[in-house]
Amino acid sequence: MKNNSKSKTKKKHLEYSDRIKINFYINQNFSVNKIAKELNRSPSIICREIQRNIIVKEGNPLLKGILCSRQIERGPETLCNKCQKAAYCHLTKRYYDCHKAQEMADKRQKEKTSKMSFSHENLKQIEDFLIDADLRRLSIYQAYISNPKIKNIVSLGYLYKLVEKDVFAVSKVFIRESYKKKQKQNRNIYIDSCKPPEVLFNRTYQDFKIYMKKHKNTDVFEIDSVIGKLDDKHAILTVFSRNTHLQFGFIINKSSSTSVNARFKELFENLGLFNSSLIFKVLLCDNGYEFNELYKIEDINKHHVCRVFYTRAYAATDKSRCERNHRVLRRILRKGVSLDDITQYDLNEYFSNINSMTFINENGSYTPYDHALKSYGKAFLNAVGIRKIDSNKVKLTK
């Protein structure tokens, strides 16, 4: 008989993308049970997550303990997310915010791992061991591997952590010379507190990786912007194709999401919405202000065109290919040089030269132009303003 006992296991630990979804569903007035069903988690986990990370804003002290009509109807634990009366309500308000919840979860995890479970006697033995290693001018590693007693008390990795926290009276010179302190990646840098959950819902970098696992051959267009001087009025919107290595750009108003959306809508109209949906299936952008409303171009005139995803905040490696190709563009447009005097025709010429450069890979030599011509056709290249330039005439100058 076939064993049909296999079932999907529910994950216990919540991630940043899960908290974004919880925030989104709370704003949609979903119940705890309905949120748990959507996330395939236990209702107790969702309830515990909300209660742990609630943000309480005290109101008028004279009105303390008084419930509003929503709390009377739904219970005192009702959250005030998306309440229309919250702006002028003087009662105590309770909110759930996914960005603050992630920060609080990271803080709890850090405090949990920093707790020491050693007796006073064990700490004294570890300190004597480190002082002896200092006198003998041995590294922590060399002294540790030759001392079986210390091995039974503490692991080498946790010993390093104790030394980092200055728990023991050991000279700083000994610590510097004993081992190189590893710089841990701060998880909080990946939290973007600017965008509401409605924007990040199903559009985080984790959602992007899940999508790409299901659609492995889909071309990803990495989007970024290049600026010149700080007081410039214009900037360059760059678009890089992962599959073809083609990069093109448009002149936009600096830090203007309206200008970015207008450029894409114009491009989609020139190509046709149907053809655009076949080419621009995935757009991956960073968390710059100019991309705050990029998700609005996913559907144009009730026609689905593309999927928009956002990288983690301050993580340039999430779209490293686009960033790396900017080095070639910077040979033409040096940093600190104004971009206000550059026209769209000039920009098309710069990218035409870049895309006509010859590269070599395991399949032989190629140019991004020829690769894109084979994949998307001449009409696409005409729409993005890229033309073929003879390899002997390619130049990376103005």
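**Exercise 1. Describe how helix H1 packs against helix H2, and state which residues make the contact.**

Solution. In this predicted model, helix H1 spans residues 16–27 and helix H2 spans residues 32–39, and the two pack at an angle of about 140° with their axes 10 Å apart. Angles over 145 degrees would count as roughly antiparallel, and the H1–H2 pair is therefore classed as oblique. The next step is the handedness, and the crossing of H1 and H2 is right-handed. On the H1 side the contact is made by Asp18, Lys21, Ile22, Tyr25 and Ile26, while H2 contributes Ile35, Glu38 and Leu39. Sorted by class, the contact of H1 with H2 holds five nonpolar and three charged residues, with no polar ones.

**Exercise 2. Determine how H1 is oriented relative to helix H3, and which residues of the two helices meet.**

Solution. Helix H3 covers residues 43–52, and its axis and that of H1 come within 12 Å and cross at roughly 85°. Because angles of 65 to 115 degrees count as roughly perpendicular, H1 and H3 are roughly perpendicular to each other. From H1, the residues Arg19, Ile22 and Ile26 meet Ile46, Glu49 and Ile50 in H3. The contact of H1 with H3 divides into four nonpolar and two charged residues, and no polar residue takes part. Comparing the lists, Ile22 and Ile26 appear both in the contact with H2 and in the contact with H3.

**Exercise 3. Reconstruct the strand order of the five-stranded sheet and identify its edges.**

Solution. Five strands form an open sheet with mixed pairing, and their order is E5-E4-E3-E6-E9. Reading the order from its ends, strand E5 (247–253) and strand E9 (307–310) stand at the edges, and each has a single partner strand, so one side of each lacks a neighbour in the sheet. From one strand to the next, the twist averages 25°. Within the sheet, strand E3 (residues 220–226) and strand E6 (residues 282–285) run parallel and are joined by four bridges. For a specific pair, Val220 has Val282 as its bridge partner in E6.

**Exercise 4. Place helices H13 and H15 on the sheet, then follow H15 to its contact with helix H16.**

Solution. Helix H13 (residues 257–271) packs on the sheet and touches E3, strand E4 (234–241), E5 and E6, with its direction making about 130° with that of E5. Helix H15 (residues 320–332) lies across E3, E4 and E5, and runs at about 45° to E3. H15 also packs with helix H16 (residues 344–355), at an angle of about 125° and with the axes 11 Å apart. That angle makes H15 oblique to H16, and the crossing of the two is right-handed. The contact is made by Asn325, Val328, Leu329 and Ile332 of H15 together with Tyr350, Phe351 and Ile354 of H16. These residues of the contact of H15 with H16 comprise six nonpolar and one polar, with no charged residue.

**Exercise 5. Decide where the predicted coordinates call for caution.**

Solution. For the protein, the mean pLDDT is 85, and 88% of the residues reach 70 or more. Over residues 1–8, however, the pLDDT is below 50, and this stretch has one contact in the model beyond near neighbours in sequence. The pLDDT also stays under 50 over residues 181–189, for which the model has nine contacts beyond four places in sequence. Where pLDDT is low, the predicted coordinates should not be read in detail.

Technical notes:
Residues numbered from 1 in each chain as written. Predicted model: local features only at pLDDT ≥ 70, side-chain atom pairs only at ≥ 80, totals over all residues. Heavy atoms only, no water. Axes fitted to C-alpha atoms, helices over the stretch in contact; angles between N-to-C directions. Parallel < 35°, antiparallel > 145°, perpendicular 65-115°, else oblique. Left-handed = near helix turned anticlockwise from the far one by under 90°. Contact = heavy atoms within 4.5 Å. Nonpolar A, V, L, I, M, F, W, Y, C, P; charged D, E, K, R; others polar. Pairing = 2+ DSSP bridges. pLDDT = per-residue confidence, 0-100.
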